[in-house]
Amino acid sequence: MGGKISDNRELKNIGQKANENNPNSFVTSSTINLTNELIIGESKADPEVDYKKNRFLGEGAFASVYLVKNKITGAIRAMKVIKKSSNYNEEEEKEIVNEINILRTMDHPNILKIFEFYSNQEAYSLITEFCSGGELFKEIEDNGPFDERYSAYVMYQIFSAINYCHNMNIIHRDLKPENILIIGRNKNGYPYIKICDFGTSLIVKKGKTQKKFVGSSFYVAPEVLKENYNEKCDVWSCGVILYILLSGKPPFGGEDDNEVMANISMGECDLECKPFNRMSKSVIDLIRKLLTKDKKKRISAEEALNHPWFKEKKAKELFNQIEDQNIIIKLLKNLKSYKRESIIQETALAYLVHNFPEMKDVVNACKLFNQIDINGDGKITEKELYEGLHHVIKGESLKKDVSDIYKNLDMDNNGFIEYEEFVRAAVCKEKFTNDHILKFAFRYFDKDNSGEITFNEIEEVFENCGDNKKNFHDTLKQIIEEVDSNNDGVISYEEFANVMKKMLK
């Protein structure tokens, strides 16, 4: 990668001009959008430069999965390695690239996070969250069936993620307990879940139906068998999962796939047998609405998420409970005081929040986000923000406080606050200023691991963020100038750390 900028005077002049117009001027996310595609970078390097393999976890036809440890932070992750072999065909590669691209666009606490991915001549390597609890399928096998409260807790998370996907025009198409992972548990032993395996998922146009048969026999919707379906095929699959959680068996069985699919085509499941004859009318009503054969009459994921059964079982409150009121007050204080600084600082903070979802502050900020997100679509509108905070923030200044918070937090200017936008404003920034964490963030920019960030590396990070090439070139130079205190045209680790520590002031 490139060396220093050749003319430091040019760089200094750009910074001076910007500051003459506005003494407090910084290149911020109003200039450069902090999208997930920016945060989740692609590397051509060997992943074992950054990650140490701890142990082998398992393998499929073309992929091997390892437990790995980040060499700087010590964070435990999963690494999925897909070898590019002679047996590797175009369709399989398409699924892998599709999964990477879809995961990079999504930002939801119940969808498996991809942290980074590597692509070289030998393999694709995806670094993701490590879900130590294994598959929901194994949980059902070992401990099922479950009561309504447990099932509501699990299904609330599934519907929250699927509602988000559908609002993003993404159909999963292969929802089943094997593709739902357990990352941890609450104090009652109820699991926190993550939906994974988006290889067969699809980004669709509103109102357009799909024809390609995709899915697994027990969970596939009747309209998929007829090759005329839309996003509501996922809702049917959710209905099957709920039925299995409560009973331990699928609603549509059979001796083989043909018999299972014939029963699915009939679309009639027994809700009067044990154990359903002892269950609440509310959950029976929800299952019927999920397993409605006619997709036009079937409820949507958002309608399912707002079904009375979840309110009766207090699923949302249980999942998003913050026990100490002082934590909420601290999070809100951080929201109100959050200021946009330099784009280096903002990008580094966004990168760190994305990469440390297990941090306690991040977990609590996530819970507060979900409390405010009334319709559960994974986005907060200004109205939701007002309604969510009026119980906590008192006084006549509420409308102004909400307006200021909203304008400050909508960093990609898309008209709503997304999960990680909210979280990085709400968390305590001091948690991210430990030396090993700052070195991890510095490594994100220092692509060649040389110990300094050059203009070419800044250009590589932000290469897809600007439209006007001339102005964007100047913007990138200003990004360097804001941090480069000794004006040598590059950013050292010490200069980077100093800027990051200014978040505390």
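**Group meeting: two sheets and some odd backbone spots**

Okay, let's start with the small sheet: three strands, open, in the order β7-β9-β10, with antiparallel pairing. β7, at 134–135, and β10, at 191–195, sit at the edges with a single partner strand each, so one side of each has no neighbour in the sheet. Before I go on, please keep in mind that this is a predicted model.

Staying with that sheet, look at β9, residues 180–185. β9 pairs with β10 in the antiparallel sense, and there are five bridges between them. If you want a place to put your cursor, try Ile-180, which stands opposite Ile-195 in β10.

Now the other sheet. This one is open too, with six strands, and the order reads β1-β5-β6-β4-β3-β2. The pairing here is mixed. At the edges you'll find β1, which is 42–43, and β2, which is 51–59, and each of those pairs on one side only. As a quick reminder, strands of a sheet pair through backbone hydrogen bonds, and they can do that parallel or antiparallel.

I'd like to spend a moment on β5, residues 114–119. What does β5 form with β6? A hairpin, with three residues between the two strands. β6 covers residues 123–128, and the two strands pair antiparallel over five bridges. To trace that on screen, take Ser-119, whose bridge partner in β6 is Tyr-124. Then go to Glu-116, which has Ile-127 of β6 as its bridge partner.

β5 also has a link to β1. Those two run parallel, and two bridges join them. Here the pair to look at is Glu-42, standing opposite Phe-117 in β5.

And is β5 buried or exposed? Six of its six residues are buried, so the rest of the structure largely encloses this strand. The cut-off there, by the way, is under 20% relative accessible area.

Right, on to the backbone oddities. Most residues other than glycine have a negative phi, and most peptide bonds are trans. So which peptide bonds are cis? One of them runs from Gly-144 to Pro-145, with omega near -5°. Pro-145 lies in the loop between α4, 136–143, and α5, 148–167. There's also the bond from Lys-274 to Pro-275, cis again, with omega near 0°. You'll find Pro-275 in the loop that connects α8, 257–266, and α9, 281–290.

Then the positive phi values. Asn-169 is not a glycine, and yet its phi is positive, about 65°. Its place is the loop between α5 and β8, the latter being 170–171. Asn-169 has 24% relative accessibility, so it counts as partly exposed.

The other residue I'd show you is Lys-314, again not a glycine, with a positive phi near 50°. Lys-314 is in the loop between α11, at 308–312, and α12, at 315–319. Its relative accessibility is 48%, so Lys-314 counts as partly exposed.

That's my tour. If you open the model later, I'd go back to β5, with β1 running parallel to it and β6 pairing antiparallel with it. After that, have a look at the cis bonds leading into Pro-145 and Pro-275. Happy to take questions.

Technical notes
Residues are numbered from 1 along each chain as its sequence is written. This is a predicted model: local features need pLDDT of at least 70, side-chain atom pairs count only at pLDDT 80 or more; totals for chains, interfaces and linings use all residues. Side-chain values use heavy atoms; hydrogens and water are left out. Two strands pair if DSSP finds at least two bridges between them. Helices (H or I, at least four residues) and strands (E, at least two) are DSSP runs, numbered from the N terminus. Buried means under 20% relative accessible area, exposed over 50%, partly exposed in between (1.4 Å probe, protein chains only).
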